[in-house]
Structures are given as C-alpha cells and as structure tokens.
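Visitor: I am new to this structure and would like a close look at a single part of it. Please pick one and go through it step by step.

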Amino acid sequence: SELGDNLEWMRRRIIAADEQKTAFVQHVTHELKTPLAGIIEAANLLDEGIPTPLDPAQAPIVAILLDNARNLQNQIQQLLNYSAVSHGISVQSHPTNLVELCASLRTKLAAVNPAKPMNWQFTGSPDVVSTDPRLVEMMLSNLLTNAFRYTDPGGTITVDWQVHDGGWYLEVSDTGRGIAEEEIGSIFDPFF
C-alpha cells in the first residue's frame, strides 16, 4: 500500500540519518584527539620547565591549561565510548589479561599527570578472564580516570575481580572523596 511504502521510506531515511550522525561524531572526535594530545604534551613540557623553568606566576596558568585539556580529552573519550556502545557494538569474548590491561591504563594515567603519585593495587584472580577486552577497557578507563582525578596524591586505587558462579565481577575502589549523595542517582546518565 502507499501508506506502507511511505512508512518504509521514512524508516530508511531515519536509519540513514542516524548512521550519518554516528559517523560524523566518530570522525570529529577522532580528529580532535590528535591536536589535543599535542596541546597536552606541550603543556606537560612547560610544566616540567622545558625549555626554561616557569616563574611562580606562570605555574598556575599552566596547571589550568593541563587540567582543562585533560578534562576535554576525557570528554572526547566518553563521547567515543558512548557512541560505540549506544550503536550496538557486538560483544566478542576473548581471553583477556586483566592485570596487563590495568597496568596499561595505570601507565597512561601516570603519563598524563606524572607529578601525581598514586598507589595502585590489582588484586584479582585469575589474571585472565573471558570477556570483550574493548568493552572492559572502556569501562575500566572511565572508572580509573575518575578515581585518579578525584583521589589526592599518595592515595590508593584498587581494582579487584573474582570468578564467581560461572561469571566474574570487577570492582574499582579508591581513597578519594567519593560521590556527593545528591549525585548518586545520576551516575549512569550519559556524560554525567
């Protein structure tokens, strides 16, 4: 019928528009990551006193630059993650070494802010579990980035996992200030 044909045409147009939007978001976010990494690298060099030490009036300005650049980097990564998850990436389980994954993320976070010492504990068992490494890395990256950001220097970030009843669980904890009680209801909202 003509109504059915029109509805099908509209459905195809909506799907095509959604695919274009997704492709645009992914392209733009990937394009933003490279210059942002350069900004962070340059700000880190300034913060380290290269090529010359900062005077006391410049140091807070560089700290603001670094903090905002890192925040933007995190927002871009969250946008990429949200786009991937919300558009149904398929789950593909593989043997995944969680100790190596945690250590890799720790190295990345320490490189972003080398002046912030942190104690890390990876206490899970066994080292290797069957999971989708991409999805676990997205989740762990988000949780560890937040833990690193909101834990004072010298604090502790712990990742623990255990196999239980045919599956496995993972827990991230830290000695940071925690989440304000009035914000707990929003923690699963995108980009919150």
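Guide: The model is a predicted one, and the part chosen here is helix 3 with what lies around it. Glutamate 137 is a convenient place to start: its relative accessible area is 29%, so it is partly exposed, since that term covers values between 20% and 50%. Its side chain meets that of lysine 108 in a salt bridge, with an N to O distance of 3.6 Å. This pair links distant parts of the chain, as glutamate 137 belongs to helix 4 and lysine 108 to helix 3, 29 residues apart. Lysine 108 also counts as partly exposed, at 48% relative accessibility.

Now helix 3 itself. The helix runs over residues 98-112, which makes 15 residues. At 1.5 Å a residue it should span 21 Å, and because its end C-alpha atoms are 21 Å apart, the model agrees with that expectation. At the start of the helix, asparagine 97 places a side-chain oxygen within 3.0 Å of the backbone nitrogen of valine 99.

Unlike the partly exposed lysine 108, several residues of helix 3 are buried: Leu98, Leu101, Cys102, Ala103, Leu105 and Leu109. An α-helix has 3.6 residues a turn, so residues three or four places apart point the same way. The cover over the buried residues of helix 3 includes helix 4 (133-150) as well as strand 1 (94-97), strand 2 (119-122), strand 3 (128-131), strand 4 (156-164) and strand 5 (167-174).

One of these covering elements, strand 3, contains threonine 131. Threonine 131 has a relative accessibility of 10% and therefore counts as buried, the limit being under 20%. Apart from neighbours within four places in sequence, threonine 131 is in contact with Gln92, Ser93, His94, Thr96, Val136 and Trp168.

Another salt bridge involves aspartate 132 and arginine 134, whose closest N and O atoms are 2.8 Å apart. The partners differ in cover: aspartate 132 is buried, with a relative accessible area of 3%, whereas arginine 134 is partly exposed at 37%. The structure holds four salt bridges, including this one and the one between glutamate 137 and lysine 108.

To sum up, helix 3 has the span expected for its 15 residues, has buried residues that are covered by strands and by helix 4, and is linked to helix 4 through lysine 108 and glutamate 137.

How values were computed
Residues numbered from 1 in each chain as written. Predicted model: local features only at pLDDT ≥ 70, side-chain atom pairs only at ≥ 80, totals over all residues. Heavy atoms only, no water. Helix = DSSP H or I, 4+ residues; strand = E, 2+ residues; numbered from the N terminus. Expected span 1.5 Å × (residues − 1). Buried < 20%, exposed > 50% of the residue type's maximum accessible area, 1.4 Å probe, protein only. Contact = heavy atoms within 4.5 Å. Polar contact = N/O pair within 3.5 Å; in protein donor to acceptor, adjacent residues only side chain to side chain.
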